[in-house]
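Open the model in your viewer and keep the selection tool at hand. The tour below goes from one selection to the next and says what is there.

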Amino acid sequence: MSAFSVAADGQRRIRKMQLLALLPVSIAAVVNCGYQYLAVLAAEPGRASDDLRSNLAAGLGASYQEPGLYDWIAAGLAHFLPMLLLALVIGGFWERIIAAQRRRALESGFIPIALLLTLMLPGSAPFSHIVYGMSFAILLGKGIFGGDGKTFISPALLGVAIVQVSFPSAAGQHPLWQGLAGYSGSDAIARYHRGGETALAEAGIDLWSAFIGNISGTLGTSSLLAVGLGAAVLLSARIIAWRLLLAQVIGLAVVATLFNLSGTDAGAAAMPAYWHLLLGSFAFGAVFIACDPVASCCTNPGRWIQGFLIGALVVLIRVANSTHPDAVIPAMLLASISAPLIDHAVIAWNIRQRGRRHV
C-alpha cells in the first residue's frame, strides 16, 4: 500500500470520527434551537418573521403554544437543516471545481467543514453569509493549501472569522437573535460584564442550564454536556491530543483565577473560571477547532504551550474587550497561526539541548 493510500485512509477515519463526535452536538443544537425559537414566540407572538425557516417550522406543525419535544425538534430542524444543506452545496460546488482544475478525485473533507461552520453560526444567520463564509473556508482555508490535511488552520474557523469580521453588527428582528451578540455568540458574557451573576439569574441562566445548553447561543456551542460526549469519542479514538485539551482548560482556569485574585470586582475580571468554561463557545472550540490535528502543534511541549495560550487569550480578551464578549474565534486564530512557530521553537530547543550533551 502506498504512502498516499495510507494518508487517505487516515483522513477518512478522522472525518468519520469527527462526524460521529459531532452527532450529540448536532442533536443538542436542533433541540435547543427549536426551544429558544418557540420560547420567544410564546412570549412575543408578533415577532414571528416571514422567512423560509419560520415558514418551514410552521409547515412542520411546530407550535409555540405548550410546545413539546416534537415541536422543539421540528422548529430546530427547520433552522438547522437548510443552513447545513446550503453549506454542503457550496462546499461541494467549490470542491468540484478544485478537483477538476487539479485533475484529481473529489475530496469529502468539505462535509465536516460544513457541519462545523453551521454549528458555529446562530440559527438565524442569513443564507448569503453562509455562502460567503463557506466559500472562504474551502477556497482560502483548504483549497489554496492543496486539500485535506494540508492546511495549518481550521477551515471552518477561518470561514466563521471572515463572516464575523465582515458583518460585525449583524442583527435583525428574527426571534433567534434575542440573547445573541451577533456572530460572537451568546450575550451571557456581556450580561456578566454589565451585572455579574445577578444579570445571569435575571436572564434565567444558571449552572445547570448552561451545562446542558438550555441557553441562547450559536447553534452547536451552548451545551457543555454534548461537547463533552463528543470529546470522549475523539479522545478514545486518539483523534485529538489530551495534552492540548487539558492545557486549554488549565490556561483558562489559571488566568481567570489570577483576575479573580486581583481584587477587581467589575466586568468579566470577576467571572469565576467555571463560568468562562460554561458560557460562550470555549468548550466547543477547544474540542473541535483547537484540537483539529491540522491546526494544532505536533510536539507534546508545543501542545502544552499552545493550549495554555488559547485559554489565557480567551480570558484576556473577554476581560479587556467587552465589545467582543466570547473571544474564542480570535484567540484560536492566533493560536493556530502560532502553532508552526511553537513547534519550530520546541524542536530547535531540543536540538540545542542534545548538542550540549554531546559536546
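Start by selecting Ile-250, which sits in helix H10. The model is a predicted one. With a relative accessible area of 34%, Ile-250 is partly exposed, because that value lies between the limits of 20% for buried and 50% for exposed.

Now widen the selection to Leu-235, Trp-242, Leu-246, Ile-250, Val-254, Leu-258, Trp-304 and Phe-308. Together these residues make a nonpolar patch on the surface, with about 680 Å² of accessible area. Which elements give two or more residues to the nonpolar patch? They are helix H10, residues 242–261, and helix H13, residues 300–320. H10 supplies the largest share, 5 residues.

**Helix H10 and its partner**

Keep H10 selected and add helix H12, residues 282–289. Two packed helices are described by the angle between their axes and the distance between the axes. For H10 and H12 the angle is about 150 degrees and the axes are 9 Å apart. H10 is therefore roughly antiparallel to H12, since angles over 145 degrees count as such. The crossing of these two helices, H10 and H12, is right-handed.

**Helix H13 and its partner**

Go to H13 and add helix H14, residues 328–357. The axes of H13 and H14 come within 9 Å and cross at roughly 155 degrees, so H13 is roughly antiparallel to H14. H13 passes H14 in a right-handed crossing.

Next, pick Ala-327, in the loop between H13 and H14. Ala-327 is not a glycine, yet its phi is positive, about 75 degrees. Is Ala-327 buried or exposed? Ala-327 is buried, with a relative accessible area of 0%.

**Another positive phi**

Move to Arg-238, in the loop between helix H9 (224–236) and H10. Arg-238 is a residue other than glycine with a positive phi, near 60 degrees. Its relative accessibility is 75%, and Arg-238 counts as exposed, because the limit for exposed is over 50%.

**The salt bridges**

How many salt bridges does a search of the whole structure find? The search finds 4. For the next view, show the side chains of Glu-95, Arg-104, Glu-107 and Lys-142, which are linked in a network of salt bridges.

Take Glu-95 and Lys-142 to begin with: their side chains meet in a salt bridge with an N to O distance of 2.3 Å. This pair links distant parts of the chain, with Glu-95 in helix H3 (residues 69–102) and Lys-142 in the loop between H5 and H6, 47 residues apart. Glu-95 is buried at a relative accessible area of 1%, and Lys-142 counts as buried at 3% relative accessibility. Both values fall in the buried class because that class means under 20%.

Stay on Lys-142 and bring Glu-107 into view. These two residues, Glu-107 and Lys-142, form a salt bridge in which the closest N and O atoms are 3.1 Å apart. Glu-107 lies in the loop between H3 and helix H4 (110–119), and Lys-142 in the loop between H5 and H6, so the pair ties together parts that are 35 residues apart in sequence.

From Glu-107, step to Arg-104. Arg-104 forms a salt bridge with Glu-107, the closest N and O atoms being 3.9 Å apart. Why is Arg-104 placed in one accessibility class and Glu-107 in another? Arg-104 has 24% relative accessibility and counts as partly exposed, while Glu-107, with a relative accessible area of 18%, is buried; the reason is that buried means under 20%.

**Back along the loop**

Select Leu-140, found in the loop between helix H5 (127–139) and helix H6 (155–166). Leu-140 is partly exposed at 39% relative accessibility. Then draw a distance from the C-alpha of Leu-140 to that of Pro-155: the two are 15 residues apart in sequence and 7.7 Å apart in space.

**A last distance**

Finish at Gly-59, in helix H2, residues 52–59. At 66% relative accessibility, Gly-59 counts as exposed. What separates the C-alpha atoms of Gly-59 and Thr-257? The separation is 49 Å in space, and along the chain the two residues are 198 residues apart.

Conventions. Residues numbered from 1 in each chain as written. Predicted model: local features only at pLDDT ≥ 70, side-chain atom pairs only at ≥ 80, totals over all residues. Heavy atoms only, no water. Patch = residues over 30% accessible without salt bridge, like charges linked within 9 Å, V, L, I, M, F, W, Y side chains within 5 Å. Areas by Shrake-Rupley, 256 points an atom, 1.4 Å probe, with all protein chains shown as cover. Helix = DSSP H or I, 4+ residues; strand = E, 2+ residues; numbered from the N terminus. Buried < 20%, exposed > 50% of the residue type's maximum accessible area, 1.4 Å probe, protein only. Axes fitted to C-alpha atoms, helices over the stretch in contact; angles between N-to-C directions. Parallel < 35°, antiparallel > 145°, perpendicular 65-115°, else oblique. Left-handed = near helix turned anticlockwise from the far one by under 90°.
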